[in-house]
Amino acid sequence: MERDSTSGRRGMVLRLLVLLLLAAPALANYPLFDVATRMRVLLVPRDAAVGAVIYRLRATDSDFDYPLHFDVGGDGAGAQVAVVRLDNLPCTRNMSYCQANVVLARKLDAGRVYDVRLRVRDSRGDATSIDAIVQLSNNSTPVDATFPRRPTLVMVPEDTKPGTELDYVIVRKNPRNSRHAIVELWGSPLFTLAQRLSSRTDTNASIILAGPLDYETQAMYTLDLYALDPFVEPGQDTRNIAGFQVAVVVVDVQDTPPEFIEAPPVTQLSPTLQVGDEVVRVRAEDGDKGKPRQIRYGLVSEGSPFTTFFTVDERTGGY
C-alpha cells in the first residue's frame, strides 16, 4: 500500500508539472520593450519644437502577435494634455519587432519632471507598461555636430534617371554606443537611401531617386530624414533619434506638348461674313507649366478641301 501511495503522488506531481509547463507560455509571452529603447529618463534640449520626434521605441513579442500597438498615458501631475504622443510605425508579422515614434506634444516647463507611462499591446490584448520621465535640459540641439552635412534643398530636373544620387547626408554616431547611426527616409516612395560607413564615427547616406519625376504631376516633395543613435551631448540629451526635413524641388524640362484650352468643335458661319472677318478664336497653353513657351498657331489641312478658305493669326489664334 505504501508503494502504491508513493507512485500516485509522483503521478500527481508529474501531471502538475506538465500543466504548469503548458500554462507558462500563455502567462509569460507578453510583448516586451527593447532594453536599449526603454526611455527611462528622457532629457530633451530646450530648442526641441512641438511636433518633433524625440525618441524611438521598439518592442518584440515572442508569439509574433503583431502588429504591436504603443500608447501613452498622461503625466503623474494630472495634466489634462499628455506631454508626448506616440506615432505607431507600420509593422507586420514578417518583422522581428515593432516601433513607434515619441513626439513632443507640448512645450516643456523648465525644472519640471513629467511622469509618463508607456504601454505596448499585442494583437491578443496582452500588454506591458513601463514608467518613464521626461525633462527639459539646458542644452540646445548640436545640429552641426550631429549632421556635419545636411542638405535642406535639392533641385532635380524632371528628366533625371531613376538610380541617380541626388545629394548625401553625413551623420555622427552617439559616442556612448558602439554601433553606428542608421539613417531613415520618409515621405515618398520615389526616393530612397543608400548608406555606408564613411569613418569610425560617421555614416554617409545618399539620397537616391527611385522612380520617374513629372513636374506637371508634382513639383515639390518634402522628405523627413531621421538618424537613429546619432551624436548627442552626453549627460544633457538622451534622445536616440534626430531628424530634419529636405525639400526636393522638381525643375521643369520642356517635354510636354501644348494643349487647347478653348477650341469649339463646331462653329456656325454667318451668311453676312466678309473676307477678313474673324470666324472664331481658339486658345492654347504650353503643357510645361514651369517655364511655358510662347504658343504659335497654324492650320493643318490633313486633306480637307476647305483649309484654303481660312487663315489663322499665329499669335492670337483667331481665324
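**View 1. The side chain of Lys173 meets the backbone of Asn177 in this predicted model.** The side chain of Lys173 reaches the backbone oxygen of Asn177 at 2.4 Å. Lys173 lies in the loop that links β10 (165-172) to β11. Lys173 is buried but forms no salt bridge. The nearest side chain of opposite charge belongs to Asp202, 9.4 Å away. A salt bridge needs a side-chain nitrogen of Lys or Arg within 4 Å of a carboxyl oxygen of Asp or Glu, so Asp202 at 9.4 Å does not qualify. Leaving aside residues up to four places away in sequence, Lys173 touches Ser178, Arg179, His180 and Ala181. Under the same count, Lys173 also contacts Arg200 and Thr201, along with Asp229, Pro230 and Phe231.

**View 2. Asp229 carries a positive phi.** Asp229 is one of the residues touched by Lys173. Phi of Asp229 is near 60°, a positive value in a residue other than glycine. Asp229 sits in the loop between β14 (220-228) and β15. Asp229 is buried, with a relative accessible area of 14%. The cut-off for buried is under 20%, so 14% places Asp229 in that class.

**View 3. Four strands build an open, mixed sheet.** The strand order is β9-β15-β14-β11. β9 (153-157) and β11 (182-186) stand at the edges. Each of these two has a single partner strand, so one side of each lacks a neighbour in the sheet. From one strand to the next, the twist averages 25°. β9 and β15 (residues 241-251) run parallel and are joined by 5 bridges. Leu153 has Ala247 of β15 as its bridge partner.

**View 4. Val169 is buried in strand β10.** The relative accessible area of Val169 is 1%. Val169 and Arg149 are 20 residues apart along the chain, and their C-alpha atoms are separated by 5.3 Å. Not counting residues up to four places away in sequence, Val169 touches Phe147, Arg149 and Pro151. On that count the contacts of Val169 also include Thr203, Asn204 and Ala205, as well as Leu225 and Phe244.

**View 5. Leu136 and Pro45 come together from separate parts of the chain.** Leu136 belongs to strand β8 (residues 127-136). Leu136 and Pro45 are 91 residues apart along the chain, yet 6.0 Å separates their C-alpha atoms. With residues up to four places away in sequence left out, Leu136 touches Val44, Pro45 and Arg46. Leu136 also contacts Leu108, Asp109 and Ala110 on that count.

**View 6. A cis peptide bond joins Tyr66 and Pro67.** Omega for this bond is about 5°. Pro67 lies in the loop between β3 (53-60) and β4 (69-72). Phe64 is found in the loop between β3 and β4. Phe64 is not a glycine, yet has a positive phi of about 55°. Is Phe64 buried, exposed or partly exposed? Phe64 is partly exposed, with a relative accessible area of 38%.

**View 7. The whole chain gives the setting for these close-ups.** The protein chain holds 2 helices and 17 strands. Of its 319 residues, 35% are buried. Among contacts with a separation of 6 or more, 65% link residues 24 or more positions apart.

Definitions and conventions:
Residues numbered from 1 in each chain as written. Predicted model: local features only at pLDDT ≥ 70, side-chain atom pairs only at ≥ 80, totals over all residues. Heavy atoms only, no water. Pairing = 2+ DSSP bridges. Axes fitted to C-alpha atoms, helices over the stretch in contact; angles between N-to-C directions. Buried < 20%, exposed > 50% of the residue type's maximum accessible area, 1.4 Å probe, protein only. Lys, Arg positive; Asp, Glu negative; His and termini not counted. Polar contact = N/O pair within 3.5 Å; in protein donor to acceptor, adjacent residues only side chain to side chain. Contact = heavy atoms within 4.5 Å.
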